[in-house]
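Open the model in your viewer and keep the sequence panel beside it. The tour below goes from one selection to the next and says what is found at each stop.

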Amino acid sequence: NELAAALAGATDRDEFVVHYQPKVDLATGNHLGFEALVRWNHPTLGLLAPGVFLPLMKGPRLIGDMTLAVARTVCRDLKAWKKARFTPGPVAINLPEALLINESGFEMLASTLRECELHWHDLTIEVTEDVFLNRHAEHMRTSMMRFREHGVSIALDDFGTGFASLLHLRDFPFDELKIDRGFVADIGQDSRSEQIINAIIDLSRNLGKRCIAEGIETETQRQFLLEAGCTIGQGYWFARPMPCREVREWLKQPM
Ligand code: G
Ligand code: G
Ligand code: NA
């Protein structure tokens, strides 16, 4: 359709913009870092969320190119924040499978970091469970190890909603599990979701991984998570994803 056709040229026309959502300490509300979230600034429809256009993006090449454009924007923004003596903490990039497993994806990110005088530890990576649909498991593991050896921590996004099994948790080098916002939304409504959250928090702790909750929209949710032992989160209760210039206000708070 028309939208899909327009999407194919969106990277070249520089139509993707990046919004940032703070990851915060659930006890204090202080920011610990940010997640970069792409938006498509469509010429007539305005800003579109990835949930709307990613499913229309055909082929790993387009998604890879878009994400590299996102990474370049993130690095430029990070450089400017650091120059202004802010301490943003690491920025998480949502990395599609194609960039995770290709040597060239790693090299492109490395050169973007170099150009902006940044380090690998200025970034973190989030991957969704669909990377496990890929059959080249050993290759994936090797790629993940390479990122980690350079100081990048890797989060498994939307945990428990996709294709990951407990085997993947055992065999792949994740630093962090992200509790899907679907479970968080059920806090106070559905005790089964609450028990699943408790189990994910225990699992993270027992495996020595950090645990992050997403989609926190209420004080009740914040409190439940904190009492359950999850100390980091993000969501509208703290801040919506926001453009670069608004991030500066956030950065005036202590880390
Ligand atoms: O529609 P919504 O904003 O909820 O979708 C968010 C999801 O879109 C994220 O969880 C992530 O998986 C994906 N996403 C966001 N930004 C990027 C990006 O820069 N690259 C890729 N590949 N996926 C992204
Ligand atoms: O898991 P993923 O990376 O897809 O999640 C990020 C998406 O979730 C972003 O598109 C962001 O706009 C959205 N999001 C962030 N915080 C909240 C929230 O508190 N509630 C809801 N419903 N969506 C949120
Ligand atoms: Na994410």
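Start with R85, just after helix α3, where phi is positive at about 65°. Helices (H or I, at least four residues) and strands (E, at least two) are DSSP runs, numbered from the N terminus. Most residues other than glycine have a negative phi.

Before going further, note that this is a predicted model, in which local features need pLDDT of at least 70 and side-chain atom pairs count only at pLDDT 80 or more, while totals for chains, interfaces and linings use all residues. Residues are numbered from 1 along each chain as its sequence is written, and chains are lettered from A and ligands numbered from 1 in the order in which they are written.

**Helix α3 and the core**

Select α3, residues 60-83. Its 24 residues reach 34 Å from first C-alpha to last, close to the 34 Å expected at 1.5 Å a residue; the expected span is 1.5 Å times one less than the number of residues.

Which residues of α3 are buried? They are L62, G64, M66, T67, V70, A71, V74, C75, D77 and L78. A residue is called buried if 20 or more other C-beta atoms lie within 10 Å of its own, exposed if 12 or fewer, and partly exposed in between, with C-beta atoms placed from the backbone.

Pick D77 from that list: D77 lies in α3 and is buried because 21 other C-beta atoms are within 10 Å. Then add N134, which is 57 residues from D77 in sequence and 32 Å from D77 in space, C-alpha to C-alpha.

Now show the largest nonpolar core, which has 57 residues. Such a core is a set of buried Ala, Val, Leu, Ile, Met, Phe, Trp, Tyr and Cys residues joined through C-beta atoms within 7 Å. A36, V70, V74, I93, I125 and I179 have the most contacts inside this core. Helix α3 contributes its largest share, seven residues. In soluble globular proteins, nonpolar side chains tend to be buried together.

Centre on I93. Leaving out residues up to four places away in sequence, I93 touches A36, V70, A71, V74, L123 and I125; contact means C-beta atoms, placed from the backbone, within 7 Å.

**The two ligands**

Select ligand 1 and its surroundings: 13 residues, of which the closest are V38, A49, P50, G51 and N94. A residue belongs to such a shell if its C-beta atom, placed from the backbone, lies within 6 Å of the molecule. At least two shell residues come from each of β2 (31-42), α2 (50-53) and α3, and α3 gives the most, with three. By class there are eight nonpolar, four polar and one charged. Here Ala, Val, Leu, Ile, Met, Phe, Trp, Tyr, Cys and Pro count as nonpolar, Asp, Glu, Lys and Arg as charged, and the others, Gly among them, as polar.

Move to ligand 2. Its shell has 14 residues, with G215, E217, G235, Y236 and P241 the closest. This shell divides into five nonpolar, four polar and five charged residues.

**Helix α10**

Next, select residues 219-228, helix α10, where Q221, R222 and L225 are buried. Viewed down the axis, these buried residues fall within an arc of 100°, so they line one face of α10; the arc is that of the directions from the helix axis to the C-beta atoms. E219 and E227 are exposed on the other side of α10. The buried residues pack against α8 (181-185), β8 (210-213) and β9 (232-233). Just after α10, G229 has a positive phi of about 105°.

**Helix α6**

Select residues 137-149 for helix α6, which has 13 residues and spans 18 Å from first C-alpha to last, close to the 18 Å expected. M140, S143, M144 and F147 are buried in α6. They cover an arc of only 100° around the axis, which puts them on the same side of α6. The face turned away from them carries the exposed residues E138, T142 and E149. The cover over the buried residues of α6 includes α4 (97-101), β5 (123-127) and β6. G151, just after α6, takes a positive phi of about 100°.

**Two aspartates**

Finish with D14 and D158. D14 is not a glycine, yet its phi is positive at about 65°; D14 sits in the loop between α1 (2-8) and β1 (16-25). Is D14 buried or exposed? D14 counts as exposed, because it has 10 C-beta neighbours inside 10 Å.

D158, in strand β6 (residues 153-159), has a positive phi near 50°. D158 is buried, with 20 other C-beta atoms within 10 Å.

Methods. Contact = placed C-beta atoms within 7 Å.
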